[in-house]
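Trainee: Please take me through one part in close detail: the charged side-chain pairs, and then whatever surrounds them that you find worth a look.

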Amino acid sequence: MRGVVVGLILLGAGCSRSSTPVDPAPAPAPAPASAPAPASAPAPAPAPASAPAPALAADFAPAGEATRTTIPSLDRDPLLRPQLARLRDHFGKDAVGPFAVQRVPLAVGRLGVLVSRADESDPVVLALDRDQLLFAKDHPTAGISPPVLHPTVAPAPERGVAVFAYVESMHLVAARMWADDSNPYADIEVFHPEACDALTVAYETGLGWIVACSSKTGTTAQRLRDDLTSAWAREGIAVGTPGPVARADIGFDGPLVWTLSQRAKAVGGDRTLTFRYGADGRAL
């Protein structure tokens, strides 16, 4: 799948100043002795400096990753009740749970929701504004070579929503993004980890998306910048602890530092380990 970025426009502007010398103005002729001296006009008060326009924080998604829950039936989640008709069209009127639900805050107070069966199959993506359904994607990974595993919802540019997933046949983590009007925004090859038993995606404005694949051999990660280019090697970088690990939790400690926490096996029993990394992927 070829990465294609849609709708990115770069605008540039510049200004120049003339370097042509200017002749000084001639000195005024002296006033006649009998002419009264003109009264001095008071100097105008300096205009207050205009403050820069504040950044619209609502235009950016809050930092973090999607929260995950499991529900026994679709009508047991208050968030999903207004969308029951749409969800039953997708899963079938007699669909039986449990269902896996992911939800992630988007820009301008909206919410991205991914609902799938308990084994992460048959996903549907909803973009919500409170109880209002803005749009739905019933087949968010359609057209990608199956099997497509571990679909994970995240914010996208243009106040949109994204789905990241692992394409097992190609050893590839791919991302598909939609703008807030539901139109396609981008299809991206993020990185090529050898294995991915669990996928985590977290977003921070300025840093971009941190995408981590956990497996029995450890965890590999990639940083997808805000301009939708990958920051590190094609295969990603090794992070966390080697050996079998559970799905990673990713957080942020300021705009340029991210953290990775996960359960790992140890001699005295499983324990949770947390690691800190910079934007370049180096441990801190």
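Mentor: Happy to. Let's start with a definition: a salt bridge here is a side-chain nitrogen of Lys or Arg within 4 Å of a carboxyl oxygen of Asp or Glu. Please keep in mind that this is a predicted model. Side chains of opposite charge can pair when their charged atoms come close.

With that in hand, look at R247 and D249, which form a salt bridge with 3.4 Å between the closest N and O atoms. R247 has a relative accessible area of 26%, so this arginine is partly exposed. D249 is also partly exposed, because its relative accessibility is 40%. Across the whole structure, the search finds eleven salt bridges. Another of them joins D129 to R130, where the closest N and O atoms lie 3.3 Å apart. The burial of these two residues makes a nice exercise. D129 has a relative accessible area of 19%, and since buried means under 20%, this aspartate counts as buried. R130 reaches 71%, and because exposed means over 50%, this arginine counts as exposed. A further pair is D280 and R282, whose side chains meet at 3.7 Å, N to O. There, D280 is partly exposed at 45%, whereas R282 is exposed at 60%. Coming back to our starting pair, R247 and D249 belong to one network with E65, joined through salt bridges that share partners.

From D249, we can step into the strands. β16 covers residues 249-252 and belongs to an open sheet of three strands, in the order β16-β17-β18 with antiparallel pairing. β16 and β18 (271-278) are the edge strands; each has a single partner strand, so one side of each is left without a neighbour in the sheet. On average, and ignoring direction, neighbouring strands of this sheet are turned by 25 degrees against each other. The antiparallel pairing of β16 with β17 (residues 257-264) runs over four bridges, and within it I250 has L260 of β17 as its bridge partner.

Now for a covalent link elsewhere in the chain. The structure holds one disulfide, which joins C196 to C213 with 2.3 Å from S to S. About the S-S bond the angle is -80 degrees, and the link is left-handed. It connects distant parts of the chain, 17 residues apart: C196 sits in the loop between β11 (184-191) and β12 (198-204), and C213 lies in strand β13 (residues 208-215). Both cysteines, C196 and C213, are buried.

Those strands turn up again when we look at nonpolar packing. The largest nonpolar core has 24 residues, and F164, M177, V190, W209 and V211 have the most contacts inside it. At least two of its residues come from each of β8 (148-156), β9 (160-167), β10 (172-178), β11, β12 and β13. β11 gives the largest share, with five residues. A second core, separate from this one, has 15 residues, among them L79, L87, V115 and L126.

If you would like one route to follow on the screen, begin at E65 and its network with R247 and D249, and then go on to β16 and its pairing with β17.

Terms used
Residues numbered from 1 in each chain as written. Predicted model: local features only at pLDDT ≥ 70, side-chain atom pairs only at ≥ 80, totals over all residues. Heavy atoms only, no water. Buried < 20%, exposed > 50% of the residue type's maximum accessible area, 1.4 Å probe, protein only. Disulfide = S-S within 2.5 Å. Core = buried A, V, L, I, M, F, W, Y, C linked by side-chain atoms within 4.5 Å. Pairing = 2+ DSSP bridges. Axes fitted to C-alpha atoms, helices over the stretch in contact; angles between N-to-C directions.
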